[in-house]
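Q: I should like to learn how to read the features of a structural model, beginning with a single charged side chain. Please take me through the case shown here.

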Amino acid sequence: MSSVSLERGNPRKNPPVKGPGVRLAPDKKIDEIIEAAIDAAPECVRQRVILPSIDWSLVSPHNVGLLLGSLAQARMAVPGWLAKSLLVAGHTISEDLARSLRGAHAVLNRLNCASGELHERDAISAALGTLALDADLDPELVVAIIRRLVALSWDSEALHLALSQLHRVPNALKPAAELFGKHVARLPAARMRVSGFSTIHSFAEMLTPAFAAQGWRADVREGDFGSALTDLIAPPEGVDALVLLLDLDGILQRNWRQPAGELLAVLTERADMLGSALDVFSSRAGVPLLISTIPVPPAPGTGFLDRHHAAGVRNAVDTINRRILDAAAASSRIVVIDADHALSTLPARDQVDPKLWYYGRLPYSSEATRLLAFAFADAWKLLKRGPAKVVAVDFDNTLWGGVYGDDGLERLACGDDFPGNAFLGLQQECLRLKGQGLLLVGLSKNNPDAMSVFGRHLGMALKAEDFASVAVNWESKADNIRKIARELNLGLDSFLFLDDSPHEREAMRRLCPEVLVPEMPLDPAERPLWLRRLAATWPVRLTAEDEARADLYEVGRKAEAAKAEASSLEDYLRGLEQRLVLSFVGRDTLVRVAQMHQRTNQFNLTTRRLTESDIAGIAGDEGRGIVVLGKVSDRFGDHGIVIVATVIIHEREAVIHTLLMSCRVIGREVERAFLGELLRELRQRGVTQVRGDYIPTAKNAMVRDFYENAGFTASRSEDEGATAWSLTIGKKKLPASKFVTVSWET
């Protein structure tokens, strides 16, 4: 029998929700109507009349109990719309009913009867974390949950849920508005100059919550109306990035009295003007540019001919977008946000609001503006922190349908026929990510022979050798992923965990909070496209090392196997036959060097996150700065670019601004050989005094003594453990390694 709590609790903690519907007043006639509706509840539910119009926040728990009792007596299930209305109004329903609906119903039900005790908060925190990642929550339930969390003074949970759902629930922040300002003030700043060809004020305002959802405080400076070209040609100073929102009507105003040929000439002129401005920005700016493409127009200009006719609106969009993409391909400073993808959930006709355009030259509707702002925030986060490096994926009912231990090989679903083709599709997506530099890791609670499925089952796209590491056993997946992280020399924050089991996902979030654990769709057919849409996997740029990363790790595994077989460390190093080739950074290596600065944590003396423009600025300052990189190979294969240093030179003094190395070659004396050759290069340039800093972080303790072991002397210690080290070239023997052959690239 359905039940309802008869206690409404503290009014402050159960605030009434003023929703649409009948406003109940102390009127006997209205009371009589409500009582009659409750008495006739079964018929009202069947006909869906009266009950949907009631404001349940003003109905007593006693009467709600009578309502549910009436339905139970008639052996009728409480419909979802009624259960939702009761929960949003602050009432409780039976736990069985709440669980039978969706997770959000169960969470709100528990919150409505919570008193704010610590044990209640701990018990519900995992469920709230899962909700934050759900892309299909009912917006009304989201707002009700956030409102209830605020009432309970569970501020961090309220803010986390609000920010995670804000991109799809516009009013999610309203109940937590007072908390939001304090939260944003504590976030690291991202100074943005925002420009466009039309009015960008509403877009600039939306950047604040969008960036906050990604952990940044957007300090926005708006350009003047139509200032895009000016800001590109004369890049602003004192900002971390230039943000440029484009729209067709702002950049291209056409006179339809002109013939098609003249319209095409105007289009070409404007597109070339934008392309030239982008080239100027790339040559002058010291910060990245985040620029949107122009989305598909809501209506054609020449009907079916629109994409190829000289006067076609879609032709104009394609032409301008092509100029943007060409400029981005030639410049490491330009990051393109695909507007069509950002707005893919919104029909083209709803992406614009004609009234807003004619009233104030606002190029996009409020909903489109919000989606675009969040797309820019996603791009900024990936630009600063990089995408995931590892995809750790479950086997049973994730990579194939069925359970290997129960169903056996023959009954596993994976192949050309449904539903196996959905699982095959997810495997193909995993291969796509591998080709873009992500490592694949297998995590399965199974007997070890489950790995044989990839070689024996004819429908598998993945093979055993596609996995950089596997843990197929009955141990905790959290323990296994920690072991693999140590094996790969990567932090847990580099891992993305895919598992069909909500229990395994919740356990991973609880035990390894650094790991990114998204909510997978229940339907396997939805998973391939879902994974493709997951922004955490998107590369900002792709390098040759990215595309070959799996092969690089295979080379590393062979070297580790040789280490295990060697009788001593010296025999191991000698047997590697290592070759280190140094060169100065160039256009073809700049992206990889910047990528290393963003991603490397362990062997990183300062952890200064230099961007491509920062590195290009040092390398381009003739005579005052150099950027040196090193490629390593051994008898097992090529490791690619693994070590880099940026050096700032002032006459006879030099400062090693950054020095970092990939974990793939740690412990092989590559760093000693590299540093020694770097110091020899500086000596040839007339440098006699070299300084290097060590700035400690939570992850780089392994290099604390690097400079001391290389012969440097501590010159001073600074706050928080930072130390400056110095070396006078010529007074001490420069570091070297007898196990590494060094040369310069010709």
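A: Burial is read from relative accessible area: buried means under 20%, exposed over 50%, and partly exposed in between, with a 1.4 Å probe and protein chains only. In this predicted model, lysine 477 has 5% relative accessibility and therefore counts as buried.

Q: What forms a salt bridge with lysine 477?
A: In general, side chains of opposite charge can pair when their charged atoms come close. The criterion for a salt bridge is a side-chain nitrogen of Lys or Arg within 4 Å of a carboxyl oxygen of Asp or Glu. Here the partner of lysine 477 is aspartate 499, with 2.5 Å between the closest N and O atoms. The two belong to distant parts of the chain, 22 residues apart: lysine 477 is in helix 22 (residues 477-488), and aspartate 499 is in the loop between strand 9 (495-498) and helix 23 (502-511). Helices (H or I, at least four residues) and strands (E, at least two) are DSSP runs, numbered from the N terminus. Aspartate 499 is buried as well, at 1% relative accessibility.

Q: On what basis are the residue numbers and these values given?
A: Residues are numbered from 1 along each chain as its sequence is written, and side-chain values use heavy atoms, with hydrogens and water left out. Since the model is predicted, local features need pLDDT of at least 70 and side-chain atom pairs count only at pLDDT 80 or more, whereas totals for chains, interfaces and linings use all residues.

Q: Is the salt-bridge partner of lysine 699, aspartate 493, buried or partly exposed?
A: Aspartate 493 is partly exposed, at 46% relative accessibility. Lysine 699 is also partly exposed, at 37%. Their side chains meet at 2.9 Å, N to O. This pair links parts of the chain 206 residues apart: lysine 699 lies in the loop between strand 14 (689-694) and helix 31 (706-709), and aspartate 493 in the loop between helix 22 and strand 9.

Q: Where do arginine 574 and aspartate 571 lie?
A: Both are in helix 27 (residues 569-576); they are three residues apart, so about one helical turn separates them. Their salt bridge has its closest N and O atoms 3.4 Å apart. Arginine 574 is partly exposed at 44%, and aspartate 571 is partly exposed at 37%. Salt bridges link Glu570, Asp571, Arg574 and Lys738 in a network.

Q: How many salt bridges does the criterion give?
A: The count is 32 salt bridges.

Q: Which residues does proline 297 touch?
A: Contact means heavy atoms within 4.5 Å. Leaving aside residues up to four places away in sequence, proline 297 touches Val313, Arg314, Val317 and Ala348. Proline 297 is in the loop between strand 4 (289-292) and helix 15 (313-330), and is buried at 15% relative accessible area. Its C-alpha atom is 8.3 Å from that of leucine 248, a residue 49 positions away along the chain.

Q: What can be said of the whole protein?
A: Its secondary structure comprises 31 helices and 17 strands. The radius of gyration, taken over C-alpha atoms, is compared with the globule rule, 2.2 Å times the number of residues to the power 0.38. The protein has a radius of 30 Å, close to the 27 Å from the rule for 746 residues, so it is as compact as a globular protein of that length. Buried residues account for 52% of the 746. Of the contacts with a separation of 6 or more, 71% join residues 24 or more positions apart.
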